[in-house]
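I opened my notebook to go through one structure entry by entry. I wanted short notes on what I looked up and what I found.

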Amino acid sequence: MLILEKREIPVLRRALLAVPPPPTTFSRKWFSDALFSVVIYFDSQKIKKIKMSEYEMIRSPSTDKGIVIKDEWPGYDLDLFTYPEHYHGDLENIYIPHGVIMDRTECLARLVVDDTDDNYMVALCVLKGGYKFCSDLVECIKSVSCNTPKHMTVRVEFIRLKSYLNDQSSEDIQIIGPEDLSVITGKNVLIVEGIVDTGKTMKALLKHVQTFQPKKVKVAGLLVKRVPNVVAKLPDYVGFVIPNRFVVGYALDYNEYFRDLNHICVISDEGKMKYKV
Ligand code: HPA
Ligand code: MG
C-alpha cells in the first residue's frame, strides 16, 4: 500500500505521467510495471515509500510459488459441499473445493499469458491425472488472451505416464503416448500436470520432450506435494503446495476411482480399503 502525505500528491501525479497506458485488458504485468515506475520516481525524488525488497515481492510473477496449504489444514467438512452419492463414506474431507481450483487456474493462465512471447503454444497434457486441469487451464488461457494482442492458439497433445499403484509410487516410470512428438519442435511447450511430488516423472518427461527440440518448455502443476528427496525443480506455475497426503478428485485417482469427483479430497481409510487392488 502506498500511503501519501498531502504534499506528495503532485509527486504521484508526475510519477504517473511516466507510466505507460494500460493495455486493453488490465494485466498483472502492466500493474507491476506501473507500480515499478511510480516507486522508481519516488525513489529518484528521495521519497522512500516502498522498500525495494517489498517491491520485488509484488512485481515478480516468479515469486508466485503457489498457495501453500499447511500440514495442519484439516480440510472442509464434507457436509458443507456436494459430491457424488457413490463416494459417501470414502472421503475424509474436502481439501480444495472445485471453485477454488477454478479461481486459481485463472490466475495461473494469466501468468502463462504474461510470460509468453508467442501467439502459439502446445499444451502437453499429462494423462490421466492432468486432464481436468489441462482442459480448464487451456480454456482460461484462451479467454484471458482473447481480444488482446496476445490472443493465443493452443494446440493440445497428450502423453501418458504411469507410476502409482494404490497410494504408492513405483520406481519405474512408463511413458505411454505418441512416439512422435515432432509437433513440438521449435514451439513453446507447456507441460500440464495434475500433481508433482518427487519430480521423478517430470524429470523423465522433460528429458523425453527435449529430444524433440522445442523452442521453450514450461511446466504447470496444479498441486505440488511437500515430499523428501525431490529430484526436479519446482514447476514454473504452481497452483497449490500441499502436505504429503494422498489426495483424489479433479482427475486424480486412487486405482482409477475418484477422477469424476470435482473437488480435491482426502480419501478415508474405508475408501482406501474399498478400492484397494
Ligand atoms: N493422488 C493421486 N495421484 C497421485 C498422488 C496423489 O496424492 N501423488 C502422486 N500421484
Ligand atoms: Mg494415478
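Entry 1, a core residue. I looked up the contacts of Leu 223 in this predicted model. Leaving out residues up to four places away in sequence, I listed Ile 96, Gly 194, Ile 195, Val 196, Phe 240, Ile 242, Val 247, Leu 252 and Ile 264 as touching Leu 223.

Entry 2, the core around this residue. The largest nonpolar core has 34 residues, and I noted Leu 223 among the five that touch the most other members. The others in that group are Ile 96, Leu 137, Ile 141 and Leu 190. I then checked which elements supply at least two residues each, and found the helices α4 (98-115) and α5 (131-145). The strands doing so are β2 (91-96), β3 (120-127), β6 (188-196), β7 (216-225), β8 (237-242) and β10 (264-267). Helix α5 gives the most to this core, with seven residues. I also wrote down a second, separate core of 15 residues, which includes Leu 124, Leu 181, Ile 184 and Leu 205.

Entry 3, a strand residue. I found Val 156 in strand β4, which covers residues 153-165. Is Val 156 buried or exposed, or something in between? Its relative accessibility is 30%, and buried would need under 20% and exposed over 50%, so I entered Val 156 as partly exposed. With residues up to four places away in sequence not counted, Val 156 touches Ala 123, Cys 125, Cys 134 and Val 138. I also looked up Met 121, which is 35 residues from Val 156 along the chain; their C-alpha atoms are separated by 8.6 Å.

Entry 4, a loop residue. Asp 64 lies in the loop between α3 (52-59) and β1 (67-68). I entered Asp 64 as buried, because its relative accessibility is 16% and the cut-off is under 20%. Which side chain does the side chain of Asp 64 join in a polar contact? I found Arg 104, at 2.8 Å. The side chain of Asp 64 also reaches the backbone nitrogen of Gly 66, at 3.0 Å. Val 238 is 174 residues from Asp 64 in sequence, yet I read 7.8 Å between their C-alpha atoms.

Entry 5, aromatic rings. I counted seven aromatic pairs. Trp 73 and Tyr 76 make one of them, edge-to-face, with 5.1 Å centre to centre and 80° between the planes. Both residues are partly exposed: Trp 73 has 26% relative accessibility and Tyr 76 has 31%. I then turned to Phe 246 and Tyr 254, whose ring centres are 5.9 Å apart. Their planes meet at 75°, so I entered this pair as edge-to-face. Phe 246 counts as buried at 15% relative accessibility, and Tyr 254 is buried at 1%. My last note on rings is a cluster linked by ring pairs: Tyr 87, Tyr 257, Phe 258 and Tyr 275.

Entry 6, empty space. How many cavities of 30 Å³ or more are there? I found one. The largest cavity has a volume of about 100 Å³. I noted its lining, which includes Val 112, Asp 115, Met 121, Leu 190, Lys 216 and Tyr 237. The elements α4, β6 and β7 each supply at least two lining residues. Strand β6 provides the largest share of the lining, three residues.

Notes. Residues are numbered from 1 along each chain as its sequence is written. Chains are lettered from A and ligands numbered from 1 in the order in which they are written. This is a predicted model: local features need pLDDT of at least 70, side-chain atom pairs count only at pLDDT 80 or more; totals for chains, interfaces and linings use all residues. Side-chain values use heavy atoms; hydrogens and water are left out. A nonpolar core is a set of buried Ala, Val, Leu, Ile, Met, Phe, Trp, Tyr and Cys residues joined through side-chain atoms within 4.5 Å. Buried means under 20% relative accessible area, exposed over 50%, partly exposed in between (1.4 Å probe, protein chains only). Contact means heavy atoms within 4.5 Å. A polar contact is a pair of N or O atoms within 3.5 Å; within protein, one must be able to donate a hydrogen and the other to accept it, and residues adjacent in sequence count only if both atoms are side-chain atoms. Rings of Phe, Tyr and Trp (its six-membered ring) pair if their centres lie within 6.5 Å; planes under 30 degrees apart count as stacked, over 60 as edge-to-face and the rest as tilted. On a 1 Å grid over the protein atoms alone, a cavity is a set of points where a 1.4 Å probe fits but cannot get out, and a pocket is an open set with protein on both sides within 12 Å along at least five of seven lines; lining residues have an atom within 4 Å of a point. Grid points are joined across faces, edges and corners, and a volume is the space filled by probe spheres set on the points.
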